[in-house]
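Me: Could you take a close look at one part of this model for me? I'd like to hear about the aromatic rings and how they sit together.

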Amino acid sequence: MSSIIKNMELCFLMRQLSKKDELTFLHSYRVTKIALSFASFLKLNDEEKRELQFGALIHDIGKLHIPVHILTKRGKLSEEEFAQMKKHPLFGIQILQHYHVSSEISHIVLYHHERWDGNGYPYNQKGENIPFLARLVALADSLEAMTGIRPYRASLTWEEAYEEIKREAGTQFDPQLTSSFLEWMENTEISIEQNSETIMQAIPMIS
């Protein structure tokens, strides 16, 4: 599959996401920046970084099938709303059936909410049964969720998020990967960007 086709598909999906919910779009972009910076710290190879970049950008693409009132709700979701929200990895896989993506990318979309202790979703996968890149994106996703812009709560500081991630090592997160992630966090901080159109213009440059 050529990178041109891949970029066209990615641009189409991300444009849809930006129109549906700008905060989810901005979140996905910052998750990608966090994931790629950490991947460089880990010295992942170029192919792994390409798969990670694509997968991280579209990890929440299933939210295209989540009602807007749930995505943008200011306040805690009801049990019914949260049950609907938890379907977004499965919705993401349904969407990707119409596109040319690798199994590694699909695994990021499907498994990024699984937990090391087996209490995640949608399939309660546990430990190393969760694909490596999905475990990496889970860390980046959580860090961005804690420190990024959310309509329902104040953001945590980078330092507060560090302590929260440290507490979840071995329960929510891969303990060995978390140790490296915390080391990366001690020397890095990823800024928040709020210009969706500028970000969309940068996406076609992905290789």
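Reply: Here is a walk through the aromatic rings, with a few backbone details afterwards. Keep in mind that this is a predicted model.

Let's start with the overall tally: there are six aromatic pairs, counting rings whose centres lie within 6.5 Å. A pair of rings is described by how far apart the centres are and by the angle of the planes. Take Phe38 and Trp184: their ring centres are 6.0 Å apart and the planes meet at 55°, so this pair is tilted. To be stacked, the planes would have to be under 30 degrees apart, and to be edge-to-face, over 60.

Where do these two come from? Phe38 belongs to helix H2 (residues 22–42) and Trp184 to helix H10 (residues 175–185), so the contact ties together parts that are 146 residues apart in sequence. Both Phe38 and Trp184 are buried.

Trp184 has another partner, too. With Trp158 it forms a tilted aromatic pair, 6.0 Å centre to centre and with 55° between the planes. Trp158 sits in helix H9 (residues 158–167) and Trp184 in H10, so here the parts tied together are 26 residues apart in sequence. As for accessibility, Trp158 has a relative accessible area of 7% and Trp184 comes in at 2%. Buried means under 20%, so Trp158 makes the cut, and Trp184 does as well.

Now put the rings together: Phe38, Phe41, Trp158, Phe181 and Trp184 make up one aromatic cluster.

While we're on buried side chains, have a look at helix H6 (residues 88–96). His88, Pro89, Phe91, Gly92, Ile95 and Leu96 are buried there. They span an arc of only 160° around the axis, so they end up on the same side of H6.

Then there are some backbone oddities in the loops. As background, most residues other than glycine have a negative phi, and most peptide bonds are trans. Tyr121 and Pro122, however, are joined by a cis peptide bond, with omega about 15°. Pro122 is found in the loop between helix H7 (103–111) and helix H8 (132–147). Asn124 lies in the loop between H7 and H8, and its phi is positive, about 55°, although it is not a glycine. At 46% relative accessibility, Asn124 is partly exposed.

Lys43 is also not a glycine, and has a positive phi of about 65°. You'll find Lys43 in the loop between H2 and helix H3 (46–57). Its relative accessibility is 71%, and exposed means over 50%, so Lys43 counts as exposed.

Methods
Residues are numbered from 1 along each chain as its sequence is written. This is a predicted model: local features need pLDDT of at least 70, side-chain atom pairs count only at pLDDT 80 or more; totals for chains, interfaces and linings use all residues. Side-chain values use heavy atoms; hydrogens and water are left out. Helices (H or I, at least four residues) and strands (E, at least two) are DSSP runs, numbered from the N terminus. Buried means under 20% relative accessible area, exposed over 50%, partly exposed in between (1.4 Å probe, protein chains only). The arc is that of the directions from the helix axis to the C-beta atoms.
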